[in-house]
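This report goes through one structure, helix by helix and then across the contacts between distant parts of the chain. The sequence and coordinates come first.

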Amino acid sequence: MKHNPIATASAAAISVGLFFILCRILVGLFPTLMFVIAESLLHGMALTQAGNWNLSPGLFILGLLVSMFSTWAIGYIFAVVYNQFIKK
């Protein structure tokens with residue numbers, strides 16, 4: 001099955017954007033738990049030295065845009081490369 005690069009990239013970017021928003025909500029509701037989860041995702045790196053959460057709206061928008069744009073680019077590249085692999 002061939003991938004449409006724009007559709008694949010857009011679907012991936014929207015999915016990551018939704019996950020980013022969910023994560024931000026969870027950080028606001030359960031900051032300590034999310035801090036522990038973040039440390040576990042970084043193989044136990046002590047994030048306590050990094051300081052507290054900075055939940056400003058500006059950083060939220062910046063993080064959302066950067067994560068979605070970079071995911072869109074990766075999704076596009078993925079679809080193009082995938083389509084090259086399935087060519088006969």
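In which helix is the place of Ala-7? Ala-7 is in helix α1. The model is a predicted one, and the description below should be read with that in mind.

**Helix α1**

Ala-7 has a relative accessible area of 44% and counts as partly exposed, because the partly exposed class runs between the 20% and 50% limits. Ala-7 and Leu-29 are 22 residues apart in sequence, and their C-alpha atoms lie 33 Å apart in space.

Thr-8 is also found in helix α1. Thr-8 counts as buried, at 18% relative accessibility, because the limit for that class is under 20%. When neighbours within four places in sequence are left aside, Thr-8 is in contact with His-3, Gly-75, Phe-78 and Ala-79. Thr-8 and Ile-74 are 66 residues apart along the chain, with 9.7 Å between their C-alpha atoms.

Ile-21 is another residue that lies in helix α1. Its relative accessible area is 34%, which places Ile-21 in the partly exposed class. Outside its neighbours within four places in sequence, Ile-21 is in contact with Phe-60 and Leu-64. Ile-21 and Gly-63 are separated by 42 residues in sequence and by 9.9 Å in space, C-alpha to C-alpha.

Ile-25, too, is found in helix α1, and is partly exposed with a relative accessible area of 45%.

**The nonpolar patch**

Which residues form the nonpolar patch on the surface? The patch is made up of Ile-14, Leu-18, Ile-21, Ile-25, Leu-29, Phe-30, Leu-33, Ile-37, Leu-41, Leu-42 and Met-45. Together these residues have about 1100 Å² of accessible area. Helices α1 (5-29) and α2 (31-41) each supply at least two residues of the patch. The largest share comes from α1, with five residues.

Ile-21 and Ile-25 can thus be described from two sides. Both belong to the patch; Ile-21 has a relative accessible area of 34%, and Ile-25 one of 45%. Residues of a patch need over 30% relative accessible area.

**Helix α2 and what follows**

The buried residues in α2 are Met-34, Phe-35, Ala-38 and Glu-39. Seen down the axis of α2, these buried residues fall within an arc of 145 degrees, so they line one face of the helix. They pack against α1. Just after α2, His-43 takes a positive phi of about 60 degrees.

Ser-56 is found in the loop between α2 and α3, where its relative accessible area of 27% makes Ser-56 partly exposed. Ser-56 and Ala-12 are 44 residues apart in sequence, and 25 Å separates their C-alpha atoms.

**Helix α3**

What is the count of aromatic pairs? There are three aromatic pairs. In the pair of Trp-72 and Tyr-76, the ring centres are 5.4 Å apart and the planes meet at 20 degrees, so the pair is stacked. The limit for stacking is planes under 30 degrees apart. Trp-72 and Tyr-76 are four residues apart in helix α3 (residues 57-86), and are therefore separated by about one helical turn. Trp-72 is partly exposed at a relative accessible area of 32%, and Tyr-76 is partly exposed at 34%.

Asn-83 lies in helix α3 as well. With a relative accessible area of 8%, Asn-83 is buried. Not counting residues up to four places away in sequence, Asn-83 touches Lys-2, His-3 and Pro-5. His-3 is thus a contact of Asn-83 and also one of the contacts of Thr-8.

**Distances between C-alpha atoms**

The pairs described above are collected here.

| Pair | Separation in sequence | C-alpha to C-alpha distance |
|---|---|---|
| Thr-8 and Ile-74 | 66 residues | 9.7 Å |
| Ile-21 and Gly-63 | 42 residues | 9.9 Å |
| Ser-56 and Ala-12 | 44 residues | 25 Å |
| Ala-7 and Leu-29 | 22 residues | 33 Å |

Technical notes
Residues numbered from 1 in each chain as written. Predicted model: local features only at pLDDT ≥ 70, side-chain atom pairs only at ≥ 80, totals over all residues. Heavy atoms only, no water. Patch = residues over 30% accessible without salt bridge, like charges linked within 9 Å, V, L, I, M, F, W, Y side chains within 5 Å. Areas by Shrake-Rupley, 256 points an atom, 1.4 Å probe, with all protein chains shown as cover. Salt bridge = Lys/Arg side-chain N within 4 Å of Asp/Glu carboxyl O. Buried < 20%, exposed > 50% of the residue type's maximum accessible area, 1.4 Å probe, protein only. Phe/Tyr/Trp six-rings, centres within 6.5 Å; stacked < 30°, edge-to-face > 60°. Arc of directions from axis to C-beta. Contact = heavy atoms within 4.5 Å.
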